[in-house]
Amino acid sequence: MSKRYRFTKQDFEILQNFIDNYVESEEPIDLHKSYRFECSPFDNEIYISNKRVNKTDVQFKKWYEMQPEYTPINITFLSILHEIGHIMTRNQETLDNRDLQENIYNFLEEQKIITNEEHNFAYFSIPCERRATMWGVEFYKDNEELCKQIIEKINLENF
Ligand SMILES: [Zn+2]
């Protein structure tokens, strides 16, 4: 089976149905196509990159493999769960703190005090980011067969 590089309209429909039927959110979560993975937790919107694997995904995978909670999960699928996790674990104060910390890491990288990888590893470890990821890990562990079916249906690479 050949692997597609981009998500299709059908892949988005499969993912939207998966969210509607299996994620126990108080309000509906809308999935959108974007140029990068993103979330707007208080608007219940998540954005999925059409480009499947980029440098940040490689760094995210490397960081995730070092975490004590590590359990093997397709990293693109975990990125999708991570964005949903932002809604499921949302808290304005911790999101504001994240933005503040992100500004500091941006400055440190600009000044060449830290590398891009160090910047991203620090970012993934910010409490609200880490919590969104670990929500995804727990969701996956609780719904492993279902998640594997979705991964198969949307034809994700083994990454
Ligand atoms: Zn995030």
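Strand S2 (residues 38-40) runs antiparallel to strand S3, and three bridges hold the pairing together. Keep in mind as you look at it that this is a predicted model. S2 and S3 make a hairpin with four residues between them, and Asn-44 in that turn has a positive phi of about 55 degrees.

S3 has another partner too. Strand S1 (residues 30-34) lines up with S3 (residues 45-49) in the parallel sense, through five bridges. Put together, the three strands give an open sheet in the order S1-S3-S2, with mixed pairing. S1 and S2 sit at the edges with a single partner strand each, so one side of each has no neighbour in the sheet. On average, neighbouring strands here are turned by 20 degrees against each other, direction ignored.

If you want to find your way across the sheet residue by residue, here are some cross-strand pairs to click on.

| Residue | Stands opposite, in S3 |
|---|---|
| Leu-31 | Ile-46 |
| His-32 | Tyr-47 |
| Glu-38 | Tyr-47 |

Tyr-47 is a handy landmark: His-32 stands opposite this residue, and so does Glu-38.

Now for the helices. Helix H3 (residues 75-88) lies across S2 and S3, and its direction makes an angle of about 15 degrees with S2.

Further along the chain comes helix H6 (residues 127-142), which has 16 residues. From first C-alpha to last, H6 reaches 22 Å, close to the 22 Å expected at 1.5 Å a residue.

Which residues of H6 are buried? They are Cys-128, Glu-129, Ala-132, Thr-133, Gly-136, Phe-139 and Tyr-140. These residues cover an arc of only 145 degrees around the axis, so they end up on the same side of H6. The spacing along the chain fits a simple rule: an α-helix has 3.6 residues a turn, so residues three or four places apart point the same way.

What does that buried side pack against? The buried residues of H6 meet H3, helix H4 (92-110), helix H5 (116-125) and helix H7 (144-153). That brings H3 back into the picture: H3 lies across S2 and S3 and is also one of the helices that the buried residues of H6 pack against. Flip H6 over and the face turned away from its buried side carries Lys-141 and Asp-142, which are exposed.

Definitions and conventions
Residues are numbered from 1 along each chain as its sequence is written. This is a predicted model: local features need pLDDT of at least 70, side-chain atom pairs count only at pLDDT 80 or more; totals for chains, interfaces and linings use all residues. Two strands pair if DSSP finds at least two bridges between them. Helices (H or I, at least four residues) and strands (E, at least two) are DSSP runs, numbered from the N terminus. Axes are lines fitted to C-alpha atoms, for helices over the stretch in contact, and angles run from 0 to 180 degrees between N-to-C directions. Two residues are in contact if their C-beta atoms, placed from the backbone, lie within 7 Å. The expected span of a helix is 1.5 Å times one less than its number of residues. A residue is buried if 20 or more other C-beta atoms lie within 10 Å of its own, exposed if 12 or fewer, and partly exposed in between; C-beta atoms are placed from the backbone. The arc is that of the directions from the helix axis to the C-beta atoms.
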